[in-house]
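Let's take a walk through this structure together, one piece at a time. Keep the 3D view open and turn it as you read.

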Amino acid sequence: MDDYQTETTSARTPGRVIVPVILAGGSGTRLWPLSRKQKPKQFLELTSQHSLFQETLLRSAGLSRVAAPMIVGSEPHRFLISEQLEAIGIEPDCIVLEPEGRDTAPAVAIAAQQVANRHGPDAIALVMPADHAVNDVDAFRAAVESAMDVGETGEIVTFGIKPTRPETGYGYVRCLPTNGRAARTVDAFVEKPDVEIAETYVADDATYWNSGMFLFRADRMLDDLETLEPDLMQNARRALINAEVDGAFLRLDALAFKACRSVSIDYAVMERTDRIALMPLDAGWDDVGAWTYLDRLPADDDQGNRTRGDVQVLNAHDNIVHSTKRLVALSGVSDLIVVETADAVLIAHKHDAQSVKQLVKQLEQLERPEVEHRQRVYRPWGFYESVAYGARFQTKRICVKPGAKLSLQMHHHRAEHWIIVQGTAIVTRNTESFMLSENESTYIPIGSTHRLENPGNIPLELIEVQSGTYLGEDDIVRFDDVYGRAGGETPPTAEPAQEPVEVEAAAQQPVAVAPA
């Protein structure tokens, strides 16, 4: 995967261009506990040294006449998206931030408008979910180039995958007999058939998996949306007109966008339009939708086990085992999915892999923090890891990127001790500012206004020990933040009280909180 080309043309390239539109929303709950809401599967390195999101960007970057990509993602992932773009040297056309998920039709409506506005109504948009795997990049690019010839005539092109197994979790597309051209005429869409019907589709040359990738001329998609979903289109247009621009980020108007009907682009347009074609795609495509995806990769031993991390097996076969921190040992078992992370372990039968999504819903109802984030939580300034916690205390390892700083903030109910392990820190505490180096420490009393900054060229690492009557994430008042997060209050001028403020006993449970 090192032969990717990352050059892109100017956003104003003369003539028709193709604009990759990457749909990067979604929570990836079926890949829990590795995938969490704060860092879902599309941002994980599951198939190579790049994340699925990065792979999607890189394989589209080598297309001819390609413009900078447009990303449609969610507000909580904005810095994660930016960091992963920067890591592979790709500068986006823009990053559209949805205030909440409304399925794919509103996202496509926004993207089509933005493509038309920035590149012209006849520009070509290539819409791709960010969580797919494609093994043959050259074949993918060749299929897209062929689809462009069809899309330029005004047809919407969907990419179809020849089924290799009776997959009941996918949608299918049936086509009419071939008519001599590369693209096929679509007859009907079939939504997730039962296994008996899916088995017949494997042998049917006219039936394909619906990949969820498609290509269209911007004006063609806008015309269809205007005709088929006028209310959705009106709200999407208003959401874009009233959007706020913040650097590369485009924040959609929340009220207008939330008024859009939550519906997939398949239901809204693809199944109802009168001009649609299917381009067969034979490029080793797969949807990384559940842990059983790994079952389709080469085994690591002659017993059919697929393992990653520190794993040992004895008399065990056909298991999927993923370890991130600790040794995982299996003996005398088969057909299991075992996923170990620092704060959660999943054990499931492979035949029941789809039920992980329901398990995550159960955890959500219990308000378990393991649904939101893993032990390592990423922030725009770096990351933190929870090391230990108990009644009235919590310990974290914090890493601040060179040149980055945390927000200017204060806490009502907790004090903090900072011990520098690596690098140099600038500490702001009330009205004073001072530097700390390795093996030095400081104390931030309850109620003190404070900030941490890394002025050096190497990561700043420190251990933070929190103590107090309440350690919840809502105990933070942010006064200033270089990343544009909530804040703006005026810092107190008087010296803070040194004694903790008591809170109700029901709120005393330790919580994995996020440093700002």
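Start with Arg59, which you'll find in helix H1. Keep in mind that this is a predicted model. Is Arg59 buried or exposed? Its relative accessibility is 1%, and buried means under 20%, so Arg59 counts as buried. Its side chain reaches the backbone oxygen of His132, at 3.2 Å. Now look for Asn135: Arg59 and Asn135 are 76 residues apart in sequence, yet from C-alpha to C-alpha they are 10.0 Å apart in space.

Next, zoom out a little to see what surrounds that helix in the fold. Helix H1 (residues 52-61) belongs to a right-handed β-α-β unit, together with strands S1 and S2. From S2 the chain then crosses through helix H2 (residues 78-87) to strand S3, and this β-α-β crossover is right-handed too.

So how do the strands line up? S1 (residues 18-23) and S2 run parallel and are joined by three bridges. You can pick out one pairing by eye: Ile22 has Ile71 in S2 as its bridge partner. On to the next pair: S2 and S3 (residues 94-98) also run parallel, with five bridges joining them. Here, look for Ser74, which stands opposite Glu98 in S3.

Stay with S2 (residues 70-74) for a moment. How many of its five residues are buried? The count is five of five, so this strand is mostly covered. Here's a handy rule: in a regular strand, the side chains alternate between the two faces of the sheet. In S2, Met70, Val72 and Ser74 point one way, while Ile71 and Gly73 point the other way, and all of them are buried.

Now jump along the chain to helix H7, which covers residues 230-241. This helix has 12 residues and reaches 16 Å from its first C-alpha to its last, close to the 16 Å expected at 1.5 Å a residue. Which of its residues are buried? They are Leu232, Met233, Asn235, Ala236, Ala239 and Leu240. Looking down the axis of H7, you'd see these buried residues fall within an arc of 165°, so they line one face of the helix. It helps to know that an α-helix has 3.6 residues a turn, so residues three or four places apart point the same way. On the other side of H7, Asp231 and Ile241 are exposed.

And what do the buried residues of H7 pack against? Their partners are helix H3 (104-119), helix H6 (218-228), strand S11 (249-251) and helix H8 (254-258).

Notes:
Residues numbered from 1 in each chain as written. Predicted model: local features only at pLDDT ≥ 70, side-chain atom pairs only at ≥ 80, totals over all residues. Heavy atoms only, no water. Helix = DSSP H or I, 4+ residues; strand = E, 2+ residues; numbered from the N terminus. Expected span 1.5 Å × (residues − 1). Buried < 20%, exposed > 50% of the residue type's maximum accessible area, 1.4 Å probe, protein only. Arc of directions from axis to C-beta. Contact = heavy atoms within 4.5 Å. Pairing = 2+ DSSP bridges. Right-handed = clockwise from strand over helix to strand, strands pointing away. Polar contact = N/O pair within 3.5 Å; in protein donor to acceptor, adjacent residues only side chain to side chain.
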